[in-house]
Structures are given as C-alpha cells and as structure tokens.
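This briefing is meant to be read with the sequence and the model side by side. It goes from single positions in the fold to the chain as a whole, and then to backbone geometry.

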Amino acid sequence: MNDDIEQIRALVTGVEAAMEAKDAELLLSRYTADAVTFDLAPPLRHVGPEVHDVEGREKWFSTFDGPVYYKVTDLEITAGEDVAFCHGLNRMASTPDGAPEGFTLWFRMTTGLRKENGSWRISHEHTSTPFYMDGSFRAATDLTPPSST
C-alpha cells in the first residue's frame, strides 16, 4: 500500500514539472480516457475528450509569459486496491502575456484515482476557489493558507 501512496503522490505532484514546462501532453497523460474534471475555468464540467484537449491546453499555456509555477501542498492520500482519493491546496503563479505583473492563486483540489493495468490515473478532479459570502459573490482569490505566510 505504501508503494501505491508513493505512486499516487508522484502522479499528482508530477503536474508541477508539466506546468512549468508547459507540456500539455505530459500534463494530460495523468488522466483516464473517461476522466471528468470540474476546473477553475468554464464550463462547469469537462468530460473524456475535453479533458484530453492538448491543443486547448497549449493555447492556454500560450497566454502566459514564461513558466507557470505550480505547487501541490498539504497533499493527503487515501488508497484502496484499485481506487484512491486525495486532496490538497495548490498554488499557481505566473504572469499573463502582456501583463505588467504576475499573480499568485491558491485553490483547493480533490482528486479521485483509478488503478488501470497496474498504473494509477486520475479519473475525477475538482478544483475550486471559495467565494465571499457577503453578497458580493466575489471569488476569494486573495486567500493563502496559514502555513504559506
């Protein structure tokens, strides 16, 4: 079971290198063919082929000037024989192309995984930012976890 935990940790944190390299194929290779994701960007849900849209991901990467820094933190993993889930807090930072300065965004991640042919792959991923409950409904993109300060 410890080997499964380490394989899952490597799979989930492997996104860091793929994001920094802007390697869409490597990034999307983590997912099952029938994966479902609930991403930060619209629409509300991406299914199967939409998840594996290399061209769309490359287009998104091209909107940043330089690398996209991405760090998975506070990762907690629970694994069974062929199904697992994990959650963590993720930090993304970059500079949009043509912008005078960069941004840093913390967001939440919950991931469901399935073991297929002896390898772990992501079958479900949900990322989100909280929103302010003060009636403004603004995304709370200014939040940072206490351990990051």
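In which strand does Ala 35 lie? Ala 35 lies in strand β1, and the model in which it is placed there is a predicted one. The points below begin with Ala 35 and Thr 37, both of which are in strand β1, then take up Arg 30, the overall architecture, and some backbone details.

**Ala 35 in strand β1**
- Ala 35 has a relative accessibility of 0% and therefore counts as buried, the cut-off for that class being under 20%.
- Leaving out residues up to four places away in sequence, Ala 35 touches His 46, Val 47, Gly 48 and Val 51, and also Ile 122 and Ser 123.
- Ala 35 is separated from Pro 49 by 14 residues in sequence, and their C-alpha atoms are 8.4 Å apart in space.

**Thr 37 in strand β1**
- Thr 37 lies in strand β1, and because its relative accessibility is 2%, under the 20% cut-off, it counts as buried.
- The side chain of Thr 37 makes a polar contact with the side chain of Asp 39, at a distance of 3.4 Å.
- When neighbours within four places in sequence are set aside, the residues in contact with Thr 37 are Tyr 31, Leu 44, Arg 45, His 46, Val 51 and Glu 125.
- His 46 and Val 51 appear among the contacts of Ala 35 and also among those of Thr 37.

**Arg 30, before strand β1**
- Arg 30 is found in the loop that runs between α3 (24–28) and β1 (31–38).
- Is Arg 30 buried or exposed? With a relative accessible area of 7%, Arg 30 is buried, since that value is under 20%.
- The side chain of Arg 30 reaches the backbone oxygen of Leu 27 at 3.1 Å, and it also makes a polar contact with the side chain of Tyr 31 at 2.5 Å.
- Not counting residues up to four places away in sequence, Arg 30 touches Leu 11, Val 12 and Val 15, together with Arg 121, Ile 122 and Glu 125.

**The chain as a whole**
- The protein chain has 4 helices and 6 strands, and along the sequence these elements follow the pattern α-α-α-β-β-α-β-β-β-β.
- With a radius of gyration of 16 Å, close to the 15 Å that the globule rule gives for 149 residues, the chain is as compact as a globular protein of that length.
- Taken along the principal axes, the box filled by the C-alpha atoms is roughly 45 × 35 × 25 Å.
- Of the 149 residues in the chain, 34% count as buried.
- Among contacts between residues at least 6 apart in sequence, 52% join residues that are at least 24 apart.

**Surface and charge**
- The accessible surface of the protein chain comes to about 8,700 Å², and 54% of it belongs to carbon and sulfur atoms.
- The chain carries 13 positive and 24 negative side chains, and the centres of these two sets lie 2 Å apart.

**Backbone geometry to check**
- Most residues other than glycine have a negative phi, and most peptide bonds are trans.
- The peptide bond from Pro 42 to Pro 43 is cis, with omega near 0°, and Pro 43 lies in the loop between β1 and β2 (46–47).
- Asn 117, which lies in the loop between β5 (103–116) and β6 (119–128), has a positive phi, near 50°, in a residue other than glycine.
- Because its relative accessibility of 84% is over 50%, Asn 117 counts as exposed.
- Phe 137, found in the segment after β6, has a positive phi of about 60° although it is not a glycine.
- Phe 137 counts as exposed because its relative accessibility is 61%, which is over 50%.
- Apart from its neighbours within four places in sequence, Phe 137 is in contact with Phe 131 and Tyr 132.
- Phe 137 and Ser 62 are 75 residues apart in sequence, and their C-alpha atoms are 29 Å apart in space.

How values were computed: Residues numbered from 1 in each chain as written. Predicted model: local features only at pLDDT ≥ 70, side-chain atom pairs only at ≥ 80, totals over all residues. Heavy atoms only, no water. Helix = DSSP H or I, 4+ residues; strand = E, 2+ residues; numbered from the N terminus. Buried < 20%, exposed > 50% of the residue type's maximum accessible area, 1.4 Å probe, protein only. Polar contact = N/O pair within 3.5 Å; in protein donor to acceptor, adjacent residues only side chain to side chain. Contact = heavy atoms within 4.5 Å. Rg over C-alpha atoms; globule rule 2.2 N^0.38 Å. Areas by Shrake-Rupley, 256 points an atom, 1.4 Å probe, with all protein chains shown as cover. Lys, Arg positive; Asp, Glu negative; His and termini not counted. Charge placed at Lys NZ, Arg CZ, Asp CG, Glu CD.
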